[in-house]
Every structure is written in C-alpha cells, then in structure tokens.
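Reader: I should like to understand how the terms used for a protein model are justified. Could each term be set against its definition?

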Amino acid sequence: RNVVGRFAPSPSGRMHLGNVFSAMLAWLSAKAEGGQCLLRIEDLDVPRCPKRLSDQCIEDLRFLGFDWDEEPLFQSERTAIYQRYFDELTKKGFVYPCFCTRAQLMSLAAPNLGDTQVIYQRTCAHLSPEEAAQRALTRAPATRLRVPDEDISFVDGLFGLQTENLERDCGDFILRRSDGLY
C-alpha cells in the first residue's frame, strides 16, 4: 500500500514542542511504512499567517532534520481549486449563507457549555432567498456546508471501526468565512 503522511502546521506563530512532536509522529509513521511524508502549510488565514512565519516554520523543521518527499504545499496558493469546488457545492444546493455572529452562537451555546459539544442548530439553513438577501445588506454571511443525517463508517488503523453521524455529532460547518477566507 502507498502510505502518505503529512504534517500541516498553521504558521500563526513560532513552532512549539507540540508541533515538533506532531511532525515527528507524522514523519516516523510514514517512513516506518516505507511511505512519503509531505509538508502542507495551513496558511489560508493570510492576515494571521504571514509568509515570514511560514518560512520560519520550514527553516525550523529543516534545522531539526526533517525532510519532505515533495516541496511544501501552501494552502493559500490553492484558492482557485477551493473556489471551483465551492461553486460546485453551491450549484448542488449543499451550502447556505449563515448570518449568525460569534456572540449569537456563544449565547445559544451558553446553557450547555461544559456539558457537551454544542452543535450548530441550522439557524440560517431555512432562510428564504429574500430573507438571505435582506440580511446580506447589513452583514456578509459565512457559508455553511449542510451535512447529511446518516451514519458514516470507516476503519481507523489504530482504533478500528469508527462510525459518526455528521448532523448529530458535528453539525453544519463553515466552508467559507464572512470575510471570504476558506
């Protein structure tokens, strides 16, 4: 089997021991199977992930002796790909605009904080096109992916069979923020 591992840091600051540990696990597990290890820089949030921090991350990893089987991949350079698939999901009706603010989401979650994971309740999922257009006049929406209400199963190499219902366990999640970042 063709094993490909990856380390995907978000360069929003200097690396710490947890980053190095994760890089080491990814690299060692891939190499132990005779596979490849890739570096994918999660720099989509360009204002929080300046190029100098990406460069510093790569330099630190090389200093520690890590090598990669391909050139590092920068997520910020893949925006056209994300847009193409975003457009496809939009055409198929799998996404919808969400106008909820963080404060609104936190106030809805407040009674449950500490008890359980709070799942987004599809507050904006059933807005009519007219309602969405009206709200868009005063607030740019985020875009959420409508997840299916069905069990999804897979076999994890370490933990065995895993089953999750995305609607129940995760909820609809944001694909694109209100500022346009994926």
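Author: The following exchange takes up several terms in turn. This is a predicted model, in which local features need pLDDT of at least 70 and side-chain atom pairs count only at pLDDT 80 or more, while totals for chains, interfaces and linings use all residues. Residues are numbered from 1 along each chain as its sequence is written, and side-chain values use heavy atoms, with hydrogens and water left out.

Reader: How many helices and strands does the chain have, and what makes a run of residues a helix or a strand?

Author: Helices (H or I, at least four residues) and strands (E, at least two) are DSSP runs, numbered from the N terminus. The chain has six helices and eight strands. Their order from the N terminus is β-α-β-α-β-α-β-α-α-β-β-β-α-β.

Reader: Why are strands E6 and E7 called paired?

Author: Two strands pair if DSSP finds at least two bridges between them. Six bridges join E6 (residues 151–156) to E7 (residues 160–165), and the two strands run antiparallel; they therefore meet the definition of a pair. One of the residues involved is Ile152, whose bridge partner in E7 is Glu164. With three residues between them, E6 and E7 form a hairpin.

Reader: Why is Asp172 called buried?

Author: Buried means under 20% relative accessible area, exposed over 50%, and partly exposed in between (1.4 Å probe, protein chains only). Asp172 has a relative accessible area of 4%, so this residue counts as buried. Asp172 is found in the loop between helix H6 (166–169) and strand E8 (173–176). Of the 182 residues of the chain, 30% count as buried.

Reader: What makes the pair of Asp172 and Tyr96 a polar contact?

Author: A polar contact is a pair of N or O atoms within 3.5 Å; within protein, one must be able to donate a hydrogen and the other to accept it, and residues adjacent in sequence count only if both atoms are side-chain atoms. The side chains of Asp172 and Tyr96 are joined at 2.6 Å, so the distance satisfies the limit of 3.5 Å.

Reader: Why is the pair of Arg122 and Asp172 called a salt bridge?

Author: Side chains of opposite charge can pair when their charged atoms come close. A salt bridge is a side-chain nitrogen of Lys or Arg within 4 Å of a carboxyl oxygen of Asp or Glu. For Arg122 and Asp172 the N to O distance is 2.6 Å, so the pair qualifies. Arg122 lies in the loop between helix H4 (102–109) and helix H5 (129–136) and Asp172 in the loop between H6 and E8, so the salt bridge ties together parts that are 50 residues apart in sequence. Arg122, at 18% relative accessibility, also counts as buried.

Reader: How do you know that Asp60 and Arg14 form a salt bridge, and are these residues buried or exposed?

Author: Their closest N and O atoms are 3.1 Å apart, so the pair falls within the limit of 4 Å. Asp60 lies in helix H2 (residues 51–63) and Arg14 in the loop between strand E1 (4–7) and H1, so the pair ties together parts that are 46 residues apart in sequence. Asp60 is buried, with a relative accessible area of 16%, whereas Arg14 is exposed at 55%.

Reader: Why does Leu28 count as partly exposed?

Author: Leu28, in helix H1 (residues 17–32), has 44% relative accessibility, so this residue counts as partly exposed.
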